[in-house]
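Here is a report on side-chain pairing and packing in one protein model. Please read it alongside the sequence and the coordinates.

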Amino acid sequence: SRSAVSRSPASRADSPIKSIADLKGKRVGVGAIDSPQATLLPLSHLRENGAAPGADFEVVRHDLLAGKHGDHIGGEREAARALIAGAVDAACMIDSNHLLFINEGTLPAGATRALAQTAPYDHCNFTALDDAPGDLMSGFRELLLGMSYDDPEVRPLFDLEGLKAWRPGRV
């Protein structure tokens with residue numbers, strides 16, 4: 001797993017939206033419907049902080065690669081593009097992707113500001129039921145923790161998840 005935070009959400013720097021309360025009556029772009037980092041966690045964060053999705057603001061989904069239950073950077077990138085184009089008033093994205101979008105030119109440097117951030121959370125994790133065979137789970141854990149980014153055979157797997165190393169899980 002890795003630790004991450006989501007910008008929940010970001011707005012354009014020239015926007016009058018400066019806080020979560022300012023999202024009332026606005027349009028908020030998110031990633032795919034099942035994206036933890038670009039939809040589920042940020043919308044939960046907004047709800048916990050007084051802005052109910054669908055009631056206080058309109059949610060505009062960018063359902064690229066829905067059904068993968070995880071990293072769909074495409075939906076986040078489309079939400080960022082919608083923000084810059086003015087199609088949404090704010091957009092949710094993981095902090096590292098926000099930086100990537102600036103570096104690649106999707107978001108012009110200085111054009112956005114974070115309104116809020118989620119608490120850190122573990123991202124890209126494996127979970128098993130309590131009755132999963134212990135010997136198999138231990139073997140699987142050791143295989144993951146034994147992977148090295150320096151190994152050219154496994155590096156593509158790390159790159160697919162945006163990871164450099166697996167870490168032991170936390171409860």
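A residue counts as buried under 20% relative accessible area, as exposed over 50%, and as partly exposed in between. By that scale E58, at 40% relative accessibility, is partly exposed. The model is predicted.

**Salt bridges**

Opposite charges come first. Side chains of opposite charge can pair when their charged atoms come close. The structure holds 6 salt bridges. Three of them are described here, beginning with the partner of E58.

R27 forms a salt bridge with E58, and their closest N and O atoms are 3.1 Å apart. R27 sits in strand β3 (residues 27-30) and E58 in strand β4 (residues 58-61), so this pair ties together parts that are 31 residues apart in sequence. R27 is partly exposed as well, with a relative accessible area of 32%.

A salt bridge also joins E104 and R77, with 2.7 Å between the closest N and O atoms. Here the link runs from helix to helix: E104 belongs to α3 (residues 95-104) and R77 to α2 (residues 73-85), so parts that are 27 residues apart in sequence are tied together. Is R77 buried or exposed? R77 is buried, because its relative accessible area is 18% and the limit for burial is under 20%. Its partner E104 is partly exposed at 37%.

R141 and E142 meet through their side chains in a salt bridge, 3.2 Å from N to O. R141 is partly exposed, with a relative accessible area of 41%. E142 is partly exposed too, at 49%.

The three salt bridges are set out below.

| Pair | Closest N to O distance |
|---|---|
| R27 and E58 | 3.1 Å |
| E104 and R77 | 2.7 Å |
| R141 and E142 | 3.2 Å |

**Aromatic pairs**

Rings come next. A pair of aromatic rings is described by the distance of the centres and the angle of the planes. The structure holds 3 aromatic pairs. One of them joins F126 and F140: the pair is edge-to-face, 5.1 Å centre to centre, with 90 degrees between the planes. F126 lies in the loop between β7 (121-123) and α4 (134-145), while F140 lies in helix α4, so the pair ties together parts that are 14 residues apart in sequence.

F126 also pairs with W166. The ring centres of F126 and W166 are 5.3 Å apart and the planes meet at 50 degrees, so this pair is tilted. The pair links distant parts of the chain: F126 in the loop between β7 and α4, and W166 in the segment after α5 (155-161), 40 residues apart.

Which residues form one aromatic cluster? F126, F140 and W166 do. Their accessibility varies: F126 is exposed at 54%, F140 is partly exposed at 35%, and W166 is buried at 13%.

**Nonpolar cores**

How many residues does the largest nonpolar core have? This core has 13, and those with the most contacts inside it are L23, V28, L46 and F57. Strand β3, helix α1 (36-48) and strand β5 (90-94) each supply at least two of its residues. A second, separate core of 10 residues includes A79, A80, A82 and L83.

V28 shows how the surroundings look from inside the largest core. Leaving aside residues up to four places away in sequence, V28 touches P9, L23, F57, E58, V59, V60, V88, A90 and C92. Among these contacts is E58, the salt-bridge partner of R27.

How values were computed:
Residues numbered from 1 in each chain as written. Predicted model: local features only at pLDDT ≥ 70, side-chain atom pairs only at ≥ 80, totals over all residues. Heavy atoms only, no water. Salt bridge = Lys/Arg side-chain N within 4 Å of Asp/Glu carboxyl O. Helix = DSSP H or I, 4+ residues; strand = E, 2+ residues; numbered from the N terminus. Buried < 20%, exposed > 50% of the residue type's maximum accessible area, 1.4 Å probe, protein only. Phe/Tyr/Trp six-rings, centres within 6.5 Å; stacked < 30°, edge-to-face > 60°. Core = buried A, V, L, I, M, F, W, Y, C linked by side-chain atoms within 4.5 Å. Contact = heavy atoms within 4.5 Å.
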